[in-house]
Amino acid sequence: MAQQRRAQRFNDLAEAVLGGTADDVRRMTADGTHPDDRDEINDPTPLMIAAARGQLDVVEVLVSAGADVNALAEDFTGELDQFPFLDDLFAESRLTAMTALAYAALYGQEQVFHYLAPRTAPSLRQEAEALRQAKAAHPDVVPRPYLEPKKPKSAREADRAKLLASSAAARKWVVQCPLCQKQGYKPGMPDEIDRRGTAAQIRKLFQPLILEACLCPQCCDKSAKAMQKIQAKLQAPQAVKARQQAEARWQKRLEEMRREGRREPD
Ligand SMILES: [Zn+2]
């Protein structure tokens with residue numbers, strides 16, 4: 001068994017849910033991995049992870065393999081810190097634990113929610129419903145995907161961040177495009193900016209960057225093209241005709257009102 005598991009692509013079922021396909025998950029459960037396989041008794045189950053990520057096909061495979069839709073979890077991944085309304089729900093006991101259905105509600109995975117709802121125990125369904133309403137009342141909370149691996153910073157990116165954090169002179173000469181986050185140094189930077197060789201370090205780590213109207217050349221170009229597109233649309237014969245017709249209707253209406261001796265609107 002251990003031999004067999006070592007030969008597999010994934011160390012455990014959670015990993016297969018995160019990095020594999022429904023087929024990978026099906027194969028592992030068929031090979032004997034328990035569908036509710038988790039390290040600690042309170043950890044989120046593979047089903048919860050799939051529900052949070054909206055992977056309906058994986059959810060179906062796990063449920064078919066006998067995953068417990070009423071399993072409970074306490075989530076210590078830190079992923080739920082992004083939902084400010086969760087604390088209140090727990091404090092008011094409207095939510096007592098996380099379930100697969102609760103994850104689907106929290107992450108707005110409607111298809112998974114509708115699949116799991118009729119399979120979930122009524123009291124837990126009620127809790128997930130409360131969660132779903134709280135989520136709907138906070139449209140500003142747009143969650144990042146559950147357990148999405150964070151991209152590691154490259155060594156160069158780390159060096160850049162370190163230099164900017166440690167040197168006010170560097171922060172003065174390095175600019176950033178607010179749209180694409182690209183960073184570079186102002187081309188007018190002298191050879192020496194703090195007598196500590198920081199300018200040379202900046203030249204080693206960054207490229208020169210000219211911001212026009214706050215934007216880098218690429219973003220400037222893109223926004224100019226977008227403006228051109230809008231202008232072209234406004235000048236299109238159809239748009240011009242529609243405007244003329246609307247104005248003509250308005251003139252006609254004004255004349256009617258004048259004839260009837262009514263006051264003209266603004
Ligand atoms: Zn840009």
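This passage describes the overall shape of the chain and two loop residues with an unusual backbone angle. The structure is a predicted model.

The secondary structure of the chain comprises 14 helices and two strands. In overall dimensions, the C-alpha trace covers about 80 × 75 × 40 Å along its principal axes. The radius of gyration of the chain is 29 Å, whereas a compact globule of 266 residues would come out near 18 Å. As for burial, 23% of the 266 residues count as buried. Contacts across the sequence can be looked at in a similar way: of those between residues at least 6 apart in sequence, 62% join residues at least 24 apart.

Turning to the backbone, two residues deserve a friendly pointer. The first stop is S93, which is not a glycine and yet has a positive phi of about 60 degrees. S93 sits in the loop that runs between α6 (86-91) and α7 (100-106). The surroundings of S93 hold 8 other C-beta atoms within 10 Å, and S93 is therefore exposed, since a residue counts as exposed if 12 or fewer lie within that distance.

The other stop is R195, again not a glycine, with a positive phi of about 55 degrees. R195 lies in the loop between β2 (183-185) and α12 (198-205), so the strand β2 precedes this loop and the helix α12 follows it. R195 counts as exposed because it has 8 C-beta neighbours inside 10 Å, and the cut-off for exposed is 12 or fewer.

Note on methods:
Residues numbered from 1 in each chain as written. Predicted model: local features only at pLDDT ≥ 70, side-chain atom pairs only at ≥ 80, totals over all residues. Helix = DSSP H or I, 4+ residues; strand = E, 2+ residues; numbered from the N terminus. Rg over C-alpha atoms; globule rule 2.2 N^0.38 Å. Buried ≥ 20, exposed ≤ 12 C-beta atoms within 10 Å, placed from the backbone. Contact = placed C-beta atoms within 7 Å.
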